[in-house]
Amino acid sequence: MKSMHAIWCGGVVSSLLWFMGVTHCYAQLSIEDGGKPHYKASYSKEGILGNSTLSASTSSPPPPSKDADNQLKVYQYKQENGVMAFSDHAPGAAQYQVLLYDCYACQPDSNLDWKKMPLFPRDYDELINHAANNHDLEPALIRAVIHAESAFNVFALSRTGAMGLMQLMPETAKELGVKNAFKPEQNIDGGAKYLAQMLQRFDGDIDLACAAYNAGPTNVTQYKGIPPYPETQAYVKRVKILLERYRKPG
């Protein structure tokens, strides 16, 4: 989860992965009998609102550009004692993998085929089912969010500090009772709890809950729908594609 929301989408992604573009969006506001505002996401070509039109207490700048050339490179390699290590510089003669810190599902210019890319249908099955039962969520939704956030990389760490499978920011992790965000059982339960909170806040609307998970609930409320950030819109679309695929048996 990266975020301006206390969880910014930002998982580790290999240098070979990049993404595609989407349109801007906004939402229509309706008031039901109880008088509570209900937001329903819809898409348009309207641009991002200028900060001058926003309340000074709630306005937030759009997410920063994620140009690949400007991303922090991280080198992952195995030490002689077998322990995995991470460094901000190449480890000399050791074999290593270059990682880029960025949101796995947020690049608007991705050319990956999200309808055909390999899935992770069995990874952390017991932990995901347990979290789904605890927080009344579809296991497929938790799995889709993990895939979008970190591509199931338990050591994912974003440039903004988001950690682990569901990319929990330190402060949010603390609020959720997560002591070690790199432990799968804690990360998945904490991320599922936060996702359930977003679904409750936005009346069960998966699009808005995912937008809030990525860009923060304040921004979703402020824009009365999915914020018009290309990264967030790409993220929401791809989570929905992954969700439908993970719902299919086998």
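Let's start with a salt bridge: in this predicted model, the side chains of Glu138 and Arg247 meet with N and O 2.6 Å apart. The two partners come from distant parts of the chain, with Glu138 in the loop between H1 and H2 and Arg247 in helix H7, 109 residues apart.

Arg247 has another partner too, since its side chain also forms a salt bridge with Glu244 (2.5 Å, N to O). Here both residues sit in helix H7, three residues apart, which is about one turn of the helix. Through these shared partners, Glu138, Glu244 and Arg247 become one network of salt bridges.

Helix H7 also takes part in a salt bridge between Lys240 and Asp207, whose closest N and O atoms are 2.7 Å apart. That pair ties helix H7 to helix H5, across 33 residues of chain. In total, the model has four salt bridges, including the ones in this table:

| Pair | Closest N to O |
|---|---|
| Glu138 and Arg247 | 2.6 Å |
| Glu244 and Arg247 | 2.5 Å |
| Lys240 and Asp207 | 2.7 Å |

Are these charged partners buried or exposed? Asp207 counts as buried because its relative accessible area is 17%, under the 20% cut-off. Lys240, at 28%, is partly exposed. Glu138 is partly exposed as well, at 31%, and so are Arg247 at 37% and Glu244 at 39%.

Now for the nonpolar side of things. In soluble globular proteins, nonpolar side chains tend to be buried together. The largest nonpolar core here has 51 residues, and among those touching the most other members are Val145, Tyr213, Tyr235 and Val239. Helices H1, H2, H4, H5 and H7 each give two or more residues to this core.

Take Val239, which lies in helix H7. With 0% relative accessibility, Val239 is buried. Setting aside its neighbours within four places in sequence, Val239 is in contact with Leu141, Ala144, Val145, Ala148 and Cys210. Val239 and Cys210 are 29 residues apart along the chain, yet their C-alpha atoms are separated by 7.6 Å. Val145, again leaving out neighbours within four places, is in contact with Met166, Leu195, Tyr213, Tyr235 and Val239.

Finally, where is there empty space? The largest pocket has a volume of about 200 Å³. Of its 14 lining residues, Pro121, Arg122, Arg143, Tyr246 and Lys248 are the closest to the centre. H1, H2 and H7 each supply two or more residues to the lining. Sorted by class, the lining has seven nonpolar, two polar and five charged residues.

Note on methods. Residues are numbered from 1 along each chain as its sequence is written. This is a predicted model: local features need pLDDT of at least 70, side-chain atom pairs count only at pLDDT 80 or more; totals for chains, interfaces and linings use all residues. Side-chain values use heavy atoms; hydrogens and water are left out. A nonpolar core is a set of buried Ala, Val, Leu, Ile, Met, Phe, Trp, Tyr and Cys residues joined through side-chain atoms within 4.5 Å. Buried means under 20% relative accessible area, exposed over 50%, partly exposed in between (1.4 Å probe, protein chains only). Helices (H or I, at least four residues) and strands (E, at least two) are DSSP runs, numbered from the N terminus. Contact means heavy atoms within 4.5 Å. On a 1 Å grid over the protein atoms alone, a cavity is a set of points where a 1.4 Å probe fits but cannot get out, and a pocket is an open set with protein on both sides within 12 Å along at least five of seven lines; lining residues have an atom within 4 Å of a point. Grid points are joined across faces, edges and corners, and a volume is the space filled by probe spheres set on the points. Ala, Val, Leu, Ile, Met, Phe, Trp, Tyr, Cys and Pro count as nonpolar, Asp, Glu, Lys and Arg as charged, and the others, Gly among them, as polar.
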